[in-house]
Amino acid sequence: MEAQETLREVVLSHLQTGVSKYLSLQGLDLQLHQWKIRIEYSRNESFGDYSTSFILENKKHLPGNPESIAKDLIVCLQDDKVFSHITFTKPGFINFRVAYTYLVQYIQETVFSENRQELYPQVADPQKIVFEFVSANPTGPLNIVSARAAATGDCICSLLQKVGYKVQREFYVNDYGNQVSLLGLSALARLREHLGEELLFAEKDSEVFTEIDVQKNILPAEGYRGEYLSAVVESIYQKHKDLLEPLLKKQQYSDLAEKLSLYVVEENLAKQRKDLEAFGVEFDVFFRESKLHKSESVFSVLEKLQESGHVKQEEGKEVFLSTRFGDDKDRVVRRADGRPTYLLADIAYHQDKMLRGFDRMINIWGPDHHGYIARLQGAVQALGYKKEQFQVIISQQVNLLAKGEKLKMSKRLGQFQTMEDLLTYLGESAKDVGRYFFIMRTLEAPLDFDLELAKDHSDKNPVFYLQYAHARICSIFREIELEVSLDAVRHLEVSEERERLAFWIARFPEEVLDAAKHMEPHRFINYLHGFSKAFTKFYMAKNNRMKSQAGDVRKGLAYLAEASRVVLQEGLLLLGISAPERLEKE
């Protein structure tokens, strides 16, 4: 048995061999790729560990009824070393129960390997991936949606790395363009308010914010009005007073707004990085949009699109023909006044990723960016790359629930719950609980974040349920000296609880691989909960109480307990969650 082969792959390999033998006996086509051969977990554990619907999916091409087919096929599948029994259930499923002795051997070669990496099967094609996530505008604190992207993105990267992919975590800093100019004007207005001037608010958006508006200290309607900006500006003023005061006295407001925009971006970015680090998320690269514009990469990518015939001129504008790639309309990439659009900068950024030698680009975007995918994916193809090299995962909205009611969020008005607010509210367990709650549901669905449940430190809180299981095993090993013995566990009397736990332990490698390949860490969380329930059932069985057992029975039980501890520890750490050895409740 190869250490990197998952248990399910072992079963699938035996199924393929058995099917080939059966087809030969029946005089049927032996080309397996023409037959649907799949393995899945049994929906009912009482039937077996795995099952196949091979008969149902291929019944039109097989002789006889499902039961007679199964009878002949099972004969070809028998392998006493791997399976304890193989059965048929209507309407056409074949079920496999993996032999306890085989499970123990598999656990020995993975969980108890000298190299813990043996727990993690490696992909055949370890591509180099740049994974961009969060990338929140540096115009304010990180909000709850960004926190969700941070936790899930970081966990996906860890999963991908564990199975062999070379992953770079990247944060794109939008420090250029109109939004930064608006940030500077908003900061200027707040600074002058801080120094005693009356602050006025524009009532509606204006395409041109005039010098007269600035002189009157009017904050643009489309600017940033949150109170958080006042605190940032006050801090900046104290740090850079000597540079800012001369500009204030001369009323050089344009220069002042530009300087303030740069200072605020840096302050906000530093705060974002601090919050991310507190959440256990560290990026390899913070890539700045301004870098693209300084290097002239933005207009050079426009030239490349023009040369490839994917751009047309329309009323003085340059328009990317994105409808050729499935977009609902063509998109302007350079305005009539010569300024590039945000889309053109984004195209240049993604070209830069590929020029840095990455095989794939994966992004997590917010819920309001779904329509943006087709145009950027089209641009990637227009530049000569494959459609599959660019992938976007949409992170849906987060609803914070307080006493069953949703809390409102609005970034521009400053009425929103920040990532810092959440971490502060959750206290010492903020990183563990916050990460778990954000990861436990698929990104594709909105998430209701129950603040009361997250604050609960009992095992009603699902993250503590997992941590208690790990701490309980550590507690047992502290109280009594336990020796782990492979020979003892092999000869341990087989019971349902022991066999079920061994199977759940052996599933660990394939569950990691599945979660990584599908980039769905919530699947792995579901596995850990199933595993913890299997361990609890094992632990609560009277004949599994290690304290009351002796000799080889105790050693065998200790083997299963230690393997369970390793799975829980590795699983929690893979999610970026701590695996404490002690908790108040063990």
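**Exercises on helix α6, salt bridges and a buried glutamate**

The buried residues of α6 (under 20% relative accessible area, 1.4 Å probe, protein chains only) pack against β7 (200–201), α7 (211–215), β8 (218–219), α8 (228–239), α9 (241–249) and α10 (253–278); contact means heavy atoms within 4.5 Å. Helices (H or I, at least four residues) and strands (E, at least two) are DSSP runs, numbered from the N terminus. The model is predicted: local features need pLDDT of at least 70, side-chain atom pairs count only at pLDDT 80 or more, and totals for chains, interfaces and linings use all residues. Residues are numbered from 1 along each chain as its sequence is written, and side-chain values use heavy atoms, with hydrogens and water left out.

**Exercise 1.** Determine what span helix α6 should have, and how many of its residues are buried.

*Solution.*
- Step 1: the expected span is 1.5 Å times one less than the number of residues.
- Step 2: helix α6 (residues 178–194) has 17 residues and should therefore span 24 Å, which agrees with the 24 Å between its end C-alpha atoms.
- Step 3: 12 of the 17 residues are buried, among them Val180, Leu183, Arg190 and Arg192.
- Step 4: just after α6, glycine 196 takes a positive phi of about 110°.

**Exercise 2.** State which parts of the chain are tied together by the salt bridges of arginine 169 and arginine 288.

*Solution.*
- Step 1: a salt bridge places a side-chain nitrogen of Lys or Arg within 4 Å of a carboxyl oxygen of Asp or Glu.
- Step 2: arginine 169 and aspartate 154 meet this criterion at 2.8 Å, N to O.
- Step 3: arginine 169 lies in strand β6 (residues 166–173) and aspartate 154 in helix α5 (residues 144–162), so the pair ties together parts 15 residues apart in sequence. Both residues are buried.
- Step 4: the closest N and O atoms of arginine 288 and aspartate 175 are 3.4 Å apart, forming a salt bridge.
- Step 5: because arginine 288 lies in strand β9 (residues 285–288) and aspartate 175 in the loop between β6 and α6, this pair ties together parts 113 residues apart in sequence.
- Step 6: aspartate 175 is buried, at 12% relative accessible area.

**Exercise 3.** Establish where glutamate 499 is found and which residues it touches.

*Solution.*
- Step 1: helix α20 (residues 496–506) contains glutamate 499.
- Step 2: glutamate 499 touches Arg97, Val98, Tyr100, Leu103 and Val494, not counting residues up to four places away in sequence.
- Step 3: glutamate 499 is buried yet has no salt bridge; arginine 500, the nearest side chain of opposite charge, is 4.4 Å away.
- Step 4: Arg500 is linked with Asp49 and Arg97 in a network of salt bridges.

Technical notes
Buried means under 20% relative accessible area, exposed over 50%, partly exposed in between (1.4 Å probe, protein chains only). Lys and Arg count as positive and Asp and Glu as negative; His and the chain ends are not counted.
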